[in-house]
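User: Please take a close look at one helix of this model, beginning with its buried residues and then working outwards to its surroundings. I should like a single connected account that ends with the partner chain.

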Amino acid sequence: MKIGIVCPYSWDVPGGVQFHIRDLAEHLIRLGHQVSVLAPADDETPLPPYVVSAGRAVPVPYNGSVARLNFGFLSAARVRRWLHDGTFDVIHIHEPTSPSLGLLACWAAQGPIVATFHTSNPRSRAMIAAYPILQPALEKISARIAVSEYARRTLVEHLGGDAVVIPNGVDVGFFDRAEPRPEWQGGTIGFIGRIDEPRKGLPVLMRALPAILAARPDTRLLVAGRGDEEEAVASLPAAMRERVEFLGMVSDEDKARLLRSVDVYVAPNTGGESFGIILVEAMSAGAPVLASDLDAFAQVLDQGAAGELFANEDADALAAAAIRLLGDPERRAELRERGTAHVRRFDWSTVGADILAVYETVTDGAASVAADERTGLRARFGLARE
Amino acid sequence: MPPVIETLIWIAVAVVAIGMYLSWTAGRLDRLHTRIDAARAALDAQLLRRASVTQELATSGVLDPAASIVLYEAAHAARQAEEEHREVAESELSAALRAVFGETAQVEAVKEIPGGEEAASELAAAARRVPMARRFHNDAVRAARALRRHRKVRWFRLAGHAPFPLAFEMDDEPPVALADRPVS
């Protein structure tokens, strides 16, 4: 099958959507499909052979932060050329509602279009204003995929219609095979994420840490991620600061080894998550997971069956749960076992098969993707008089 | 320029603009109808596939006679159903499949015999794709209905003679033992 995938965000900036698209493309190529990914990228960036650059993304203030987006005449022309040259059986657009390549591709294409909705943004004012403009483009999508039940609910409320839920994929084997590192073992708690991004929840964990250290003084907290380390530990008493180890940005291999090594992986995120891929990665590596009870997290953890949940932003609840887990090896072993069984459904073998099933369902009996030729004026009038 | 001509020109411009807008809307509607047709064809294909695999399993002698008869009856009824009874017949096939493959042991038993592994995975794939295809179909139907209810479409009869699209409502819950992944 010839598959075209549209990535709305810059290929050179790491992010959840980009990683998902990279893994999906590589999975499909391994299965023998022809895949081409259209993504915004700087001209100097080295790109994998299956990625086609759609030009440089422009930073614009959008939705409360600065987003790097692609729009305008030049990008639209590149999208058209890509569609024309590709002769795809199906195109898969990610985030079709972001004012970037996704939306442009939606406008420019006709034929079997699959779209994945990643975010679960609350309805923004811009979206309401843009609704009449978006609707004709979104109508062309033959199949919608939401990455979680939560994302599907947002989609149904905001845009109407329905979607199938297919979670993001993880290479379970990669995390499962990683070797633990002895210096990261023994009473350790793991945290991975941006240090200076409050929504990732490190401040909540820092508030809980004194109580955890009071009950179990041997505990160490391992933090992997970018940000200001001094500021992160500023709220801790000086004596406790040495129990926190910062590892900085880690490679994928080290991330897997870290998750293999820790006794408990804590995800104290306070909001803005629509899936929670890191929880799946932690479970794949066999780490017992303790996460805040966000909708998306609760769903990934099977409502608490595959990992423990604590009340969001409640540092005391987090401390109590962490102390309980650290002192109970049997419970940890149980969580490990359940997590390992639970993550099978997030493995690329399963997720990829589901996505291919969607492709096959929409291509059954349909013509291939083509550029949507705008009807000429005369044809328009012919139509109007009918 | 006399004011009358100026007014006429403006009216002509307005008429042309409205005409273009209407023709664009008609094109939109046309595309939605094409999408419904494709989605319906895909749904039909998945339903037929599910019924044929079920019938094959029922006649293969793999299952006990009672289960075979239940499945055969349901699959046969689903394939022969008239259009207006189709939703009920397909729902009954779903119920029959759930009754027979409600337990993992039954699925394991099927997998053990020669060729059983393939049959089971084929049935699982078919049972998983039916809800998918149905969701895509009903999503297209919803979009077309929303547009067709609009004033401009009704007043100018942009939909032509195309029948008002109907959603396909049925019970498509796959059997638990066959669904080895989250279904939602």
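Analyst:

**Helix 9 and its surroundings**

Helix 9 of chain A, spanning residues 252–261, contains the buried residues Lys255(A), Ala256(A), Leu258(A), Leu259(A), Arg260(A) and Ser261(A). This description rests on a predicted model. The buried residues of helix 9 of chain A pack against two helices of chain A, helix 6 (172–177) and helix 10 (277–284). They also pack against strand 11 (188–192), strand 12 (220–224) and strand 14 (264–267) of chain A.

These three strands belong to an open sheet of six strands in chain A, whose order is 13-12-11-14-15-16 and whose pairing is parallel. Strand 13 (244–248) and strand 16 (308–310) of chain A are its edges, each pairing on one side only. On average, neighbouring strands of this sheet are turned by 25° against each other, direction ignored. At the end of the order that begins with strand 13, four bridges connect strand 12 of chain A with strand 13 of chain A in the parallel sense. Within this part of the sheet, Val223(A) is placed opposite Phe246(A) of strand 13 of chain A.

Helix 10 of chain A, against which the buried residues of helix 9 pack, has its own place on the sheet. Helix 10 lies across strand 11, strand 14 and strand 15 (289–292) of chain A, and runs at about 165° to strand 15 of chain A. Strand 11 and strand 14 of chain A are thus in the surroundings of helix 9 and also beneath the path of helix 10.

Chain A contains a further sheet. This open sheet has seven strands in the order 3-2-1-6-8-9-10, again with parallel pairing. Its edge strands are strand 3 and strand 10 of chain A, each of which pairs on one side only. From the edge at strand 3, three bridges join strand 3 (residues 51–53) of chain A to strand 2 of chain A, and the two run parallel. Here Ala39(A) is found opposite Ser53(A) of strand 3 of chain A. Strand 2 (residues 34–39) of chain A in turn pairs with strand 1 (residues 2–6) of chain A over five bridges, in the parallel sense. The chain passes from strand 1 to strand 2 of chain A by way of helix 1 (residues 16–30) of chain A, a β-α-β crossover that is right-handed. Helix 1 of chain A lies across strand 1, strand 2 and strand 6 (90–94) of chain A, running at about 160° to strand 2 of chain A. Helix 3 (residues 101–108) of chain A lies across strand 1, strand 2, strand 6 and strand 8 (113–117) of chain A, at about 145° to strand 6 of chain A. At the other edge, strand 9 and strand 10 of chain A pair in the parallel sense over two bridges, and Ala146(A) stands opposite Val165(A) of strand 10 of chain A.

Taken as a whole, chain A has 15 helices and 17 strands. Of its 386 residues, 47% count as buried. Its radius of gyration of 23 Å agrees with the value near 21 Å for a compact globule with 386 residues.

The region around strand 9 and strand 10 also leads to chain B. In the contact between the chains, chain A takes part with 26 residues and chain B with 30 residues. At least two residues of the side of chain A that touches chain B come from each of strand 9 (143–146), strand 10 (164–165), helix 14 (348–363) and helix 15 (377–385) of chain A. Helix 14 of chain A supplies the largest share, five residues. By character, this side of chain A comprises eleven nonpolar, seven polar and eight charged residues.

Chain B is built from six helices and zero strands. It has a radius of gyration of 25 Å, whereas a compact globule of 184 residues would have one near 16 Å. The C-alpha atoms of chain B fill a box of roughly 90 × 30 × 20 Å along the principal axes. Of the 184 residues of chain B, 34% count as buried. Glu169(B), located in the segment after helix 6 (151–155) of chain B, counts as exposed because it has 11 C-beta neighbours inside 10 Å. Its C-alpha atom is separated by 6.3 Å from that of Glu87(B), 82 residues apart along the chain.

Conventions
Residues numbered from 1 in each chain as written. Chains lettered and ligands numbered in written order. Predicted model: local features only at pLDDT ≥ 70, side-chain atom pairs only at ≥ 80, totals over all residues. Pairing = 2+ DSSP bridges. Right-handed = clockwise from strand over helix to strand, strands pointing away. Rg over C-alpha atoms; globule rule 2.2 N^0.38 Å. Buried ≥ 20, exposed ≤ 12 C-beta atoms within 10 Å, placed from the backbone. Contact = placed C-beta atoms within 7 Å. Nonpolar A, V, L, I, M, F, W, Y, C, P; charged D, E, K, R; others polar. Axes fitted to C-alpha atoms, helices over the stretch in contact; angles between N-to-C directions.
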